[in-house]
Amino acid sequence: MKQTFEVYNVKCGGCANTLIKSLKDEFGEVVVDLEVNPRKITLDIEENQLESLKLKLRSLGYPLTTDELSGFEKATTTAKSFVSCAIGKIDVAINK
């Protein structure tokens with residue numbers, strides 16, 4: 001079932017590329033809306049996959065806006081998002 005989620009730390013096309021590639025195998029097509037803030041992702045997900053999605057997003061540095069994170073966890077996900085963004089940008093540049 002298609003659902004849309006708000007996520008933190010998504011800044012650009014590099015971030016979007018990382019999300020699309022990282023979530024594709026488990027969730028299929030992922031659409032990232034860079035026109036809204038907070039950013040939104042839309043994907044096909046079953047209720048039993050929600051926890052897996054949350055963990056994957058956190059590991060990439062893009063937690064759901066509904067996640068309750070400590071100050072340290074927020075700082076950690078922000079740092080991870082910079083790395084994920086850079087990887088996404090490099091991947092786009094290489095595949096042009």
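Where does P38 lie? It sits in the loop between β2 and β3, and I'm starting there because of the general rule that most peptide bonds are trans. The bond joining N37 and P38 is cis, with omega at about 5°. Before I go on, please keep in mind that what we're looking at is a predicted model.

While we're on backbone oddities, take N9. You'll find N9 in the loop between β1 and α1, and its phi is near 75°, so a positive value in a residue that isn't glycine. Most residues other than glycine have a negative phi. As for accessibility, N9 comes out at 23%, which means it counts as partly exposed. Hold on to N9, please, as that name will come back when we get to α3.

Okay, helices. Let's do α1 and α2 to begin with. Helix α1 covers residues 13-27 and helix α2 covers residues 50-60. Their axes are 11 Å apart, and the packing angle is about 155°. Anything over 145° counts as roughly antiparallel, so that is what we call α1 and α2. The crossing of the two is right-handed. Who makes the contact? On the α1 side we have T18, L19, S22, L23, E26 and F27, and α2 brings S52, L53, K56, L57 and L60. Sorted by class, this contact of α1 with α2 has six nonpolar residues, three polar ones and two charged ones.

Some of those names turn up again in the core. The largest nonpolar core has 20 residues. Which of them have the most contacts inside it? They are L19, L23, I41, L43, L53, L57 and Y62. The elements giving two or more residues to this core are β1 (2-7), α1, β2 (30-33), β3 (39-44) and α2. The largest share comes from α1, which gives five residues. If you want one residue to click on, try L53. Setting aside residues up to four places away in sequence, L53 touches F5, L23, F27, L43 and I45.

Next up is α3, residues 71-94. How does α3 pack on α2? The angle is about 75° and the axes are 7 Å apart, so α2 is roughly perpendicular to α3. In this contact, R58, S59 and L60 of α2 meet T77, K80, S81 and S84 of α3. The class breakdown for α2 with α3 is one nonpolar, four polar and two charged residues.

Two of those α3 residues deserve a stop. Is T77 buried or exposed? T77 has a relative accessibility of 6%, so it counts as buried. Outside its neighbours within four places in sequence, T77 is in contact with N9, R58, G61, P63 and L69. So there's N9 again, in contact with T77. T77 and Y8 are 69 residues apart along the chain, and their C-alpha atoms are separated by 9.0 Å.

The other one is S81, also found in α3. S81 is buried, with a relative accessible area of 1%. Beyond its neighbours within four places, S81 is in contact with N9, K11, L60, G61 and Y62. Among those partners, Y62 is on the list of core residues with the most contacts, and L60 is part of the α1 and α2 contact.

What about α1 and α3? Here the angle is about 90°, again with axes 7 Å apart, and the two helices are therefore roughly perpendicular to each other. From α1 the contact takes in G14, C15, N17, T18 and K21, and from α3 it takes in S84, C85, I87, G88, K89, D91 and V92. T18 also appears in the contact with α2, and S84 also meets α2. Going by class, α1 with α3 divides into four nonpolar, five polar and three charged residues.

One last stop, on the outside this time. E29 is in the loop between α1 and β2. Is E29 buried or exposed? E29 is exposed, with a relative accessible area of 55%. Leaving out residues up to four places away in sequence, E29 touches T42, L43 and D44. E29 and D44 are 15 residues apart in sequence, and C-alpha to C-alpha they are 7.5 Å apart in space. L43, by the way, is also among the contacts of L53.

That's my tour, thanks.

Note on methods:
Residues numbered from 1 in each chain as written. Predicted model: local features only at pLDDT ≥ 70, side-chain atom pairs only at ≥ 80, totals over all residues. Heavy atoms only, no water. Axes fitted to C-alpha atoms, helices over the stretch in contact; angles between N-to-C directions. Helix = DSSP H or I, 4+ residues; strand = E, 2+ residues; numbered from the N terminus. Parallel < 35°, antiparallel > 145°, perpendicular 65-115°, else oblique. Left-handed = near helix turned anticlockwise from the far one by under 90°. Contact = heavy atoms within 4.5 Å. Nonpolar A, V, L, I, M, F, W, Y, C, P; charged D, E, K, R; others polar. Core = buried A, V, L, I, M, F, W, Y, C linked by side-chain atoms within 4.5 Å. Buried < 20%, exposed > 50% of the residue type's maximum accessible area, 1.4 Å probe, protein only.
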